[in-house]
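Here are some notes for a colleague who is opening this entry for the first time. Please keep the sequence and the 3D view at hand while reading.

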Amino acid sequence: MTHALADQSAVTYGHVGQAMVHFDDLDALGLLHNARYALLLERALTAYWSDRGVAYRAGRATTPDVFHAVREFSITYRAPVTGTGPIAVHFWLEHFGTSSAEYAFRFHSLDDTTTYAEGRRAIVRLDPATMRPTPWTEAARAVADTLLRPTSA
């Protein structure tokens, strides 16, 4: 059975990816466990950036921008995911600063009729030697530009 994802061109900013909910993602009630949303978002973001050359390959970072830490994660649950199968993950950047970034995201049904959860995730790029914030590279800025939400949206 094929599950069609809503047309990417239907969104005016950010990216819509697909996440697969597996049986082991469910809690005792058969609902997507609350802690799994962060993991599914991480996988969607990793796939997006990896497809654009920002990844770990052969045990090495392809760019220093992969070295960052989550500073904040918040989520509001709107409706339960009640089983296995694909769901959509729409994510975008609200802000891309000197060394930080703030994502917003929304988990929804493939036909976009149900929002399951929405939230935000802030990250900080770190210098591996000092563990202090350090600026993003121009390559990261180019990828980030594809995810930035226009201020008028």
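1. Helices and strands here are DSSP runs, with at least four residues for a helix and at least two for a strand, numbered from the N terminus. With that in hand, find Thr98 in the loop between strand E5 (85–96) and strand E6 (100–108). Bear in mind that this is a predicted model.

2. Is Thr98 buried or exposed? Thr98 is exposed, because its relative accessible area is 54% and exposed means over 50%.

3. Look next at the surroundings of Thr98. Residues up to four places away in sequence aside, Thr98 touches Thr134, Pro135, Trp136 and Arg141. Ile87 makes a useful contrast. Eleven residues separate Thr98 and Ile87 in sequence, and their C-alpha atoms lie 33 Å apart in space.

4. Ile87 leads to the interior. The largest nonpolar core has 31 residues, and Ile87 is among those with the most contacts inside it, along with Trp49, Phe91, Tyr103 and Phe107. At least two residues of this core come from each of strand E1 (15–21), H1, E5, E6, E7 and helix H2 (138–145). H1 gives the most, with seven residues.

5. Tyr103 deserves a closer look. Neighbours within four places in sequence aside, Tyr103 is in contact with Leu45, Trp49, Phe91, Trp92, Leu93, Gly119, Arg120, Arg121, Ile123 and Leu147. Two of these partners, Trp49 and Phe91, were named above among the core residues with the most contacts.

6. Now the helix itself. H1 has 16 residues and reaches 23 Å from its first C-alpha to its last. That is close to the 22 Å expected at 1.5 Å a residue. Its buried residues are Tyr37, Leu40, Leu41, Ala44, Leu45, Tyr48, Trp49 and Ser50. Just after H1, Gly53 takes a positive phi of about 90°.

7. How much space lies in the largest pocket? The answer is about 280 Å³. The lining has 16 residues, and the closest to the pocket centre are Thr46, Trp49, Val54, Val66 and His68. Trp49 is thus worth selecting in the viewer: it appears in this list, and it is one of the buried residues of H1.

8. Which elements build the lining of this pocket? Helix H1 (36–51) and strand E7 (115–125) each supply at least two residues. The largest share, four residues, comes from H1. By type, the lining divides into eleven nonpolar, two polar and three charged residues.

Methods:
Residues are numbered from 1 along each chain as its sequence is written. This is a predicted model: local features need pLDDT of at least 70, side-chain atom pairs count only at pLDDT 80 or more; totals for chains, interfaces and linings use all residues. Side-chain values use heavy atoms; hydrogens and water are left out. On a 1 Å grid over the protein atoms alone, a cavity is a set of points where a 1.4 Å probe fits but cannot get out, and a pocket is an open set with protein on both sides within 12 Å along at least five of seven lines; lining residues have an atom within 4 Å of a point. Grid points are joined across faces, edges and corners, and a volume is the space filled by probe spheres set on the points. Ala, Val, Leu, Ile, Met, Phe, Trp, Tyr, Cys and Pro count as nonpolar, Asp, Glu, Lys and Arg as charged, and the others, Gly among them, as polar. The expected span of a helix is 1.5 Å times one less than its number of residues. Buried means under 20% relative accessible area, exposed over 50%, partly exposed in between (1.4 Å probe, protein chains only). Contact means heavy atoms within 4.5 Å. A nonpolar core is a set of buried Ala, Val, Leu, Ile, Met, Phe, Trp, Tyr and Cys residues joined through side-chain atoms within 4.5 Å.
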